Each structure stands twice: as structure tokens, then as C-alpha cells.
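This briefing is meant for a reader who is meeting the structure for the first time. It starts at one loop position and then moves through backbone geometry, the overall build and a few individual residues.

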Amino acid sequence: MSEASSSDAVRCMWMRGGTSKGGYFLADDLPSDKAERDAFLLRIMGSPDPRQIDGMGGADPLTSKVAVISKSTRPGVDVNYLFLQVFVDQAIVTDAQNCGNILAGVGPFAIERGLVQPKDEVTPVTVFMENTGQISTLQVQTRKGRVVYAGDARIDGVPGSAAPIPISFTDTAGSTCGSLLPTGQPVNEIDGVQATLIDNGMPVVVVRARDVGIEGTETRDELDGNEALKARLEGIRLKAGHLMNLGDVSSKSVPKMTMISSAKAGGAISTRTFIPHRCHASIGVLGAVSVATACLLDGAPAAAEANVPQGSSLSLSVEHPSGETTVVVELSENGEIETAGILRTARKLFDGTIFAD
């Protein structure tokens, strides 16, 4: 579409990836000019508008997302993936973060579009995540040359079941902020609150729920309606942004704010996350990886609250408002994280053309 106007029909696949949903595009089908591309994406999502009534967005940050995919020329990599968050009620499109949920649909999309040739039973798809320069590998179920979407895997936050898509991540530490702990410390005090500023694939500020005046058991709607809490979290977030090498984050979607408390349903830790100004219905994939990592840091607030199993291969259940997300962590001999993995699912919702005018 680089030579066409944004009013032209553009090929698009709408997919659910994990607990998120959005439009998947081949890079060549979108305007090559960034400003034109962003204007097009705002238009098709219906932003800025709280209801996104004149577009495909679902009036929620979790359903106002975009994946841009291209064939990769990097050795050992199949496709490049650029994630774009389209704000709901602001005219903002940002590439300041990854999205591990939308990532779950990248493998199936790449096979559907012929960028990766399917194999028997399982097709591995290696993805370069352009937002952060990291690599992940997805294991996609395939049969007779086609993606298999139906299956028995279940993830909290999504009704029903689907084919499992295991995702493994390597070298995610400091993906956006430059280091796992941008301040070099597991604990920093901001506005009288102890916080862990961490980036293991997603920049997150981790604080105890009780330290910001909540129990950590509240529903999403209760937290979204707590204006005093949101104002306090935003004050902490703005200061944390500078400490995390992110600069002024007032118009950015990172860092996320996660409030932790002891697990309520037998997991490792319980969470409530703002992304950044609305409470997440669950928790982002890479956000869960960062929080799980915080549970392993001596002296961090999350470590004091968490129930962490022993061993070098750890399954950490991160509880959230709609259930739990299990993060599988492999530790090296010196206790450092070598790889982190997670199970997601995805489903193709429609494939066709989308219009900006």
C-alpha cells in the first residue's frame, strides 16, 4: 500500500491472540510513511473515541491492537513482528512496548500468509520482535498444510478451548529499559511506596497492593472506578519512567503498574495491573514474565509475598482478575533466568479487506 492512499481497501486478518484481539497486517500492505500508517490505523480502529463506534476497536486497550508482520532476512528467524498499540480515546499509536498476547497470533498468521511453510503436526515459527529486538519461538499446530485452531488448551480470560501455542522467550532482560533492573536495585522508594522497577520483556512497576491502599482482591470495575488510586499510581508511574530510562511517559503505554499481594488460589502471586490507566482484565504475557521475575529477586516486595517453588525449572502461577497465567522459568546454575515460556492460544476471526473511508 506504499503507493496507495489510506482510503484504499487493505487486506487484513482479525485475530484473537491470547487474551487480546486486533488486526494483523503484512507490512507491505500498510503505508510506508509512519504518519500515514498511524492515521490509517486510528481510522480503522475508530480512535479517538471511548466507544470506538466508527471502527473495529472494541472500546478497550486489549482489543485495540495491531500486528505488522514481514518475512525476515535475519539468520534463523522466520518473520519480523512489530506491535502497535492504538489508544482508544486518544489519537496515539505507539510502538513503545511488545505484546506477548498478540504475538500468539503471529505464528498462525505467518503460516496463513505463506511466510512460513507448514510442517506435519507442529510448525515452529521463530519471530524477531521489532519493538525490543528480542526473539521468541512459537510452536503452532498444523495439519495437512493448514493451521489447526481447535484444541483442548484453555487459558484464563478466554472462554472455551483452542489448540495450544507454547511460546518461549530468550534474552528478554532489559528489552526496553536497557537492563533487567534499570536502577540497579530490586527496590526503589517512590512517593513513600516501595517499588521494583523491572523489565524482563515488559517494563513494569511492581508495588504491594496494601502500600497503595487496596487489598489486591478488588474487581477490575472497582479499580477502574477508584480515581484516588489511579491518580496515585500515575504519580508513581511518571517518576518511575525517568528512573527506568523511559523519559516522560505521560503519553506512553509503559511502564505498566502491577499491584501484588499473596496468592489467593494456590498460585505464586496475585496481581492487579493497570495498562497503564485502565485495569487489565488479566495480565499481559510479558508483563507476567516480568512480575514472575520480580518474585525471584531477593529483597523485592514481590519476593516477600510470593510462594516460589524450589528447583531450576519453575512454574509460577501469576493470578489475575480473570484467573491465572503460568510462567515457566529455566534458571542457570548461578540462579539467573535463561529462558521464560508461556502457553497461549489464538483464533482467526476473519480474513478480508478493511476500509479507512
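Asn245 sits in the loop that runs between helix H5 (227–243) and strand S13 (256–261). The model in which this loop is seen is a predicted one. Asn245 has a phi near 65°, which is a positive value in a residue other than glycine, and with a relative accessibility of 53% it counts as exposed, because the cut-off for that class is over 50%.

**Backbone geometry**

- Most residues other than glycine have a negative phi, and most peptide bonds are trans.
- Besides Asn245, a positive phi is also found at Glu121, a residue other than glycine whose value is near 75°.
- Glu121 belongs to strand S6, which covers residues 121–129, and its relative accessibility of 64% places Glu121 among the exposed residues.
- Ser47 and Pro48 are joined by a cis peptide bond with an omega of about 0°, and Pro48 is located in the loop between helix H1 (34–45) and strand S3 (65–71).
- A cis peptide bond also links Ile275 to Pro276, where omega is about -5°, and Pro276 is part of the loop between strand S14 (269–274) and helix H6.

**Overall build**

- The protein contains seven helices and 18 strands, and its C-alpha trace spans about 55 × 45 × 35 Å along the principal axes.
- For 357 residues, a compact globule would be expected to have a radius of gyration near 21 Å, and the 19 Å of the protein agrees with this.
- Of the 357 residues in the protein, 55% are buried.
- When contacts between residues at least 6 apart in sequence are considered, 61% of them join residues that are at least 24 apart.
- The accessible surface of the protein amounts to about 14,400 Å², and carbon and sulfur atoms account for 46% of that surface.
- There are 31 positive and 42 negative side chains in the protein, and the centres of these two sets are 5 Å apart.

**Helix H6, after the loop that holds Pro276**

- Helix H6 takes in residues 285–294 and is mostly covered, since ten of its ten residues are buried, a class that means under 20% relative accessible area.
- The buried residues of H6 include Val285, Leu286 and Gly287 towards the start of the list, and also Ser290, Thr293 and Ala294.

**Tyr24 in strand S2**

- Tyr24 is a residue of strand S2, which covers residues 20–26, and with a relative accessible area of 0% Tyr24 is buried.
- A polar atom of the Tyr24 side chain lies 2.6 Å from the backbone oxygen of Ile102, while the C-alpha atoms of Tyr24 and Ile102, which are 78 residues apart along the chain, are separated by 9.0 Å.
- Once neighbours within four places in sequence are left aside, the residues in contact with Tyr24 include Cys12, Met13, Ala67, Ile69, Ile102, Val106 and Phe109.

**Gln134 in strand S7**

- Gln134 is part of strand S7, made up of residues 134–143, and its relative accessibility of 10% is why Gln134 counts as buried, the cut-off being under 20%.
- The side chain of Gln134 has a polar atom that lies 3.4 Å from the backbone oxygen of Asp171.
- Apart from neighbours within four places in sequence, Gln134 is in contact with Val127, Phe128 and Met129, and also with Thr170, Asp171, Thr172 and Ser175.

**Val147 in strand S8**

- Val147 lies in strand S8, which consists of residues 146–147, and a relative accessible area of 13% makes Val147 buried.
- The C-alpha atoms of Val147 and Thr123 are 8.9 Å apart, although 24 residues separate the two along the chain.
- Setting aside neighbours within four places in sequence, Val147 is in contact with Pro108, Ile111 and Glu112, as well as with Val140, Gln141 and Thr142.

Notes
Residues numbered from 1 in each chain as written. Predicted model: local features only at pLDDT ≥ 70, side-chain atom pairs only at ≥ 80, totals over all residues. Heavy atoms only, no water. Helix = DSSP H or I, 4+ residues; strand = E, 2+ residues; numbered from the N terminus. Buried < 20%, exposed > 50% of the residue type's maximum accessible area, 1.4 Å probe, protein only. Polar contact = N/O pair within 3.5 Å; in protein donor to acceptor, adjacent residues only side chain to side chain. Contact = heavy atoms within 4.5 Å. Rg over C-alpha atoms; globule rule 2.2 N^0.38 Å. Areas by Shrake-Rupley, 256 points an atom, 1.4 Å probe, with all protein chains shown as cover. Lys, Arg positive; Asp, Glu negative; His and termini not counted. Charge placed at Lys NZ, Arg CZ, Asp CG, Glu CD.
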